Amino acid sequence: MTPFNLKAIDFQWLPILPLITIALAAIVVLLVGVRVDDEESEGLGWLAAASIAIAFVLTLAMSGQNTSAFSGSIAIDDFAVFFELAILFVAAFVVLMSLSYATETRLPGAEYYSLILFAALGMMLMAAAGDLIIIFIGLETMSIAIYVLAGLKRSDPRSNEAAIKYFLLGAFSTGFLLYGIALVYGATGTIKLEPIRNALAHGIGLGSPLLLLGVGMMLIGFGFKIAAVPFHMWTPDAYEGAPTPITAYMATGVKLAAFAGFLRVFPLHLSAISADWTWVLWIMAALTMTVGNVVALVQTNIKRMLAYSAIAHAGYLLVAMAAAVPEAGAAMLFYLVGYVVANLGAFGVVIALERRGISNDMIEDYRGLAQREPALAAAMTIFLLSFTGVPPLVGFVGKFYIFSGALQGGLIWLVVIAVLNSVMAAYYYIYVIVAMYMQEGGVAVRSMTLRPGLVATIAIALIATILIGVYPSPYMNAASTAFNSALGLGPIHAASLLP
């Protein structure tokens, strides 16, 4: 009889303790919330936040490892830890934003907070995936939860429209991703990422039409999730119609998870055929930046403007992916952190202007905000200037690292296009600032003292936007350590990206 090996079992389960924590918390919140009125759901939010904090500590304990579990299906490395920590950070922020929002708008608290946790579970699975099927399972777990969350304001036609559009187009793109996975399996004989990389390194499947078609279909699937052109059509309607904390979740958490999977598959494990897909990313990056910024210029709704801004920022990230060098990959992780904190802060301000189901999400509603709420207007100004790329904020440093990494990859013309797009984007960001400081009108803001969770999220995001921009080296070094742990390389320090 084989002896019972407790140590081996512990090792297998240890890497997924954060995932188990989030899954159990989602179930507990759902069961406990059955007997909680929608107007009194704030306690469920605090329960969800406490569970996220526990998962955060457990994830932090995994740092510094570089191995795998469950026969390679789950990766245990700093890359997974980096993205899981970022995802948990976003989920906690969304929960805190929602404490007053969910009760005021009478969202079903049990389903709402439980689905936020289930979505986080799917996102974390994508970050820690060691094979293509785990990526697919994580993607679907996340997507189904977000589809429902987007339509949770059942009496609002815009919310219903957001959910159905996101669902239909999401299901369509998922078909491409799954079929692409099947074709890659047919070409290489495996679905596990490390064996795929080894197979390609030994020439197995190289030049195969089956492999190239599979890679192309996976590009379409990931392109939809990151809202890259021409797979971006769902984004503005979904962002506008969804409850605003969920819009923030889509703009940050979903992007983190999608890029985690995208990076794990393409630059990290399909680098042997990078010549076959980097030119596609070059075109997608140029189109995504340009279309996102051009269409954002004419938006009058701030959530739609931020949606097209998110599309443009996906284009900047694709610039780094197209470079296909470790320096650009590390810069990409840093940029994601800066983008996430500024976006969460900006959507926090958008939530602050809402009043009991009235969106107040037109740009004209922000007129005169500096006279009524100077602190709120100043915070929004900082976030928008960070998006623009004004030093010394985190957005400027992120773009500097992205462009430097792309130049090291030889993408001079793509960097020129990116810089021109950054200049164009300044117009619609500064337009909102002008409305807040130089125009009259707008709407009154409900007292922020009644929403401490929302105040905390905006304040933390503001501090992070400034602090990471002023002192970027530790965060850049952490990003490079994370990216290179998946490649088996040493860290690339921030100084290596200086010209």
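**Helices, loops and backbone exceptions in a predicted model**

Me: In this predicted model, how many of the 19 residues of helix 6 are buried?
Reply: Helix 6 is mostly covered. Of its 19 residues, the number buried is 14.

Me: What span should helix 6 have, and how far apart are its end C-alpha atoms?
Reply: Helix 6 runs over residues 132-150, and at 1.5 Å a residue it should span 27 Å. The expected span agrees with the model, because the end C-alpha atoms are apart by 26 Å.

Me: Which residue caps the N-terminal end of helix 6?
Reply: The cap involves a side-chain oxygen and the backbone nitrogen of I133, with 3.0 Å between the two atoms. The side-chain oxygen belongs to D131.

Me: At what angle do helix 11 and helix 20 pack, and in which hand do they cross?
Reply: Helix 11 covers residues 244-269 and helix 20 covers residues 473-487; their axes are 10 Å apart. The packing angle is about 60°. Helix 11 passes helix 20 in a crossing that is right-handed.

Me: Which residues make the contact of helix 11 with helix 20, and how do they divide by type?
Reply: Helix 11 contributes L263, R264, P267 and L268, while helix 20 contributes F483, A486 and L487. By type, the contact residues divide into no polar, one charged and six nonpolar.

Me: Why does G395 count as buried or exposed?
Reply: G395 is found in helix 17, residues 394-408. Leaving out residues up to four places away in sequence, G395 touches S386 and G389. Buried means under 20% relative accessible area. G395 is therefore buried, as its relative accessible area is 10%.

Me: Where are the cis peptide bonds at P230 and P392?
Reply: Most peptide bonds are trans. The bond joining V229 and P230 is cis, with omega about 10°, and P230 lies in the loop between helix 9 and helix 10. The bond from P391 to P392 is also cis, with omega near 5°. P392 is placed in the loop between helix 16 and helix 17.

Me: Is A227, with its positive phi, buried or exposed?
Reply: Most residues other than glycine have a negative phi. A227 is not a glycine, yet its phi is about 65°; its place is in the loop between helix 9 and helix 10. At 1% relative accessibility, A227 counts as buried.

Me: Is R106 buried or exposed?
Reply: R106 also has a positive phi, near 55°, and is found in the loop between helix 4 and helix 5. The cut-off for exposed is over 50%. R106 has 57% relative accessibility, so it counts as exposed.

Definitions and conventions:
Residues numbered from 1 in each chain as written. Predicted model: local features only at pLDDT ≥ 70, side-chain atom pairs only at ≥ 80, totals over all residues. Heavy atoms only, no water. Axes fitted to C-alpha atoms, helices over the stretch in contact; angles between N-to-C directions. Helix = DSSP H or I, 4+ residues; strand = E, 2+ residues; numbered from the N terminus. Left-handed = near helix turned anticlockwise from the far one by under 90°. Contact = heavy atoms within 4.5 Å. Nonpolar A, V, L, I, M, F, W, Y, C, P; charged D, E, K, R; others polar. Expected span 1.5 Å × (residues − 1). Buried < 20%, exposed > 50% of the residue type's maximum accessible area, 1.4 Å probe, protein only. Polar contact = N/O pair within 3.5 Å; in protein donor to acceptor, adjacent residues only side chain to side chain.
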